[in-house]
Amino acid sequence: MSRSVEHAMAPEKIVILTGAGISAESGLSTFRDADGLWAQHRIEDVATPEAFQRDPARVHAFYNARRAKAAEVMPNAAHHALVRLEAEHPGAVLIITQNVDDLHARAGSRNLVHMHGRLMGALCHACGHRWPAPPEMHATDPCPACSAAQTRPDIVWFGETPYGAEVIDPALAAADIFAAIGTSGNVYPAAAYAQHAARLGARTVQINLEPASNARDFDESHIGPATELVPKWVESILNR
Ligand code: BV8
């Protein structure tokens, strides 16, 4: 059966990429907005392996502060709308998030890939062991597996390989709909997913407060706040 006929029969596969903008209305800072994290910190000082080697305490302070803030806030209507989509849409729904907060999981999303890691995860730089992060983490915290004092947040820094390619790449190839929500389209490889999915047959949708840097990669754009637009978009998918 040709892919188009096959597609006409099977429920649509939906892949959703989220960025800091979906958590903004919960009260978490984005990166590149005027008051964002990169306005307060240099990437080279807090979000690279070299930064961690040079000054682990400074890097941990940056992530300890964000972990504390993330624990104080709640998922918003956009996170909850994606949980509804996953529960009610008959086809597969995968969320790929660039966010390191745990708001998607706390809202109830299950089919979820944290491609840039998780604030709530700890990683041993020496042996690769992972464990749940304590509220405050320090490089000298001994690894529960090998006792090395090289504890880092389980975060993907610039220059490091994002997580989840073994799930992401096949999902992009099979997607009927690819939606990017709350991301400025500046960080790769995530920023190339829309173009990649479109080339492989997906319809691409952007939901963002302002047109992203890769806005031309999208067939459809909804410009405005995620808590208003994502529930409407989910409604339009479920009631077609
Ligand atoms: C890699 C750590 C090799 C976690 C992050 C030159 C060209 C191309 C690529 C490169 C290049 N030079 C270097 C690179 C590679 C580099 C890169 O892309 N650099 C950029 C700066 C050019 N990428 C990497 O190093 C990646 N690794 O490439 O390895 C490789 C490649 C492929 C396969 C194998 C190996 C690693 C990238 C991950 C780095 N880690 N952070 C953390 O601290 O959180 S990236 C950082 O940016 C965050 O993770 C964040 O998730 C990510 C993206 O930011 P956004 O989520 O988009 O947030 P932003 O503030 O930018 O935008 C928010 C948007 O929301 C805005 O548009 C705003 O309008 C909107 N918004 C705001 N409020 C709302 C809203 N929308 C709706 N409603 C609202 N209320």
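**Exercise 1. The surroundings of Ser26**

Which residues does Ser26 touch, not counting residues up to four places away in sequence? Place Ser26 in the chain and state whether Ser26 is buried or exposed.

*Solution.* The model is a predicted one, and the contacts are read from its atoms. With residues up to four places away in sequence left out, Ser26 touches Val73, Met74, Pro75, Asn76, His79 and Leu103. As for its place in the chain, Ser26 is found in the loop between helix 2 (21–24) and helix 3 (37–40). Among the residues touched is Met74, and here the contact can be specified further, since the side chain of Ser26 reaches the backbone oxygen of Met74 at 2.7 Å. The relative accessible area of Ser26 is 13%, and because buried means under 20%, Ser26 counts as buried.

**Exercise 2. The two domains and their interface**

Describe how the chain is divided into domains, and characterise the interface between domain 1 and domain 2 by its area and its polar contacts.

*Solution.* The first step is the division itself: the domain assignment gives domain 1 as residues 1–28 + 75–116 + 162–240, and domain 2 as residues 29–72 + 119–155. The C-alpha centres of these two domains lie 26 Å apart, and the contact between them takes 15 residues from domain 1 and 15 residues from domain 2.

The second step is the area, which amounts to about 1,100 Å² buried between domain 1 and domain 2, with carbon and sulfur atoms giving 57% of this. On the side of domain 1, Leu28, Val100 and Tyr163 supply 46% of the area that this domain buries against domain 2, which is more than any other three residues supply.

The third step concerns polar interactions. Four residue pairs are in polar contact between domain 1 and domain 2, whereas zero salt bridges are found across the interface. The residues of domain 1 that touch domain 2 nevertheless include four charged ones, alongside six nonpolar and five polar.

**Exercise 3. Salt bridges and their settings**

How many salt bridges does a search of the whole structure find? Compare the settings of the pairs Glu72–Lys69, Asp154–Arg130 and Arg42–Glu44.

*Solution.* Side chains of opposite charge can pair when their charged atoms come close. A search of the whole structure finds 13 salt bridges, and three of them can be taken in turn.

1. The side chains of Glu72 and Lys69 meet at 3.8 Å, N to O. Both residues belong to helix 6 (residues 56–72), and because they are three residues apart there, about one helical turn separates them. Glu72 is exposed, at 58% relative accessible area, while Lys69 is partly exposed, at 37%.

2. The side chains of Asp154 and Arg130 meet in a salt bridge at 2.8 Å, N to O. Asp154 lies in strand 6 (residues 151–155) and Arg130 in strand 5 (residues 130–132), so this pair ties together parts that are 24 residues apart in sequence. Asp154 is buried, with a relative accessible area of 5%, whereas Arg130, at 44%, counts as partly exposed.

3. Arg42 forms a salt bridge with Glu44, in which the closest N and O atoms are 3.6 Å apart. Arg42 is partly exposed, with a relative accessible area of 49%, and Glu44 is partly exposed too, with 41%.

Technical notes:
Residues are numbered from 1 along each chain as its sequence is written. This is a predicted model: local features need pLDDT of at least 70, side-chain atom pairs count only at pLDDT 80 or more; totals for chains, interfaces and linings use all residues. Side-chain values use heavy atoms; hydrogens and water are left out. Domain bounds come from an automatic or database domain assignment. Contact means heavy atoms within 4.5 Å. Buried area is the accessible area (1.4 Å probe) that two parts lose on being put together, summed over both. A salt bridge is a side-chain nitrogen of Lys or Arg within 4 Å of a carboxyl oxygen of Asp or Glu. A polar contact is a pair of N or O atoms within 3.5 Å; within protein, one must be able to donate a hydrogen and the other to accept it, and residues adjacent in sequence count only if both atoms are side-chain atoms. Ala, Val, Leu, Ile, Met, Phe, Trp, Tyr, Cys and Pro count as nonpolar, Asp, Glu, Lys and Arg as charged, and the others, Gly among them, as polar. Helices (H or I, at least four residues) and strands (E, at least two) are DSSP runs, numbered from the N terminus. Buried means under 20% relative accessible area, exposed over 50%, partly exposed in between (1.4 Å probe, protein chains only).
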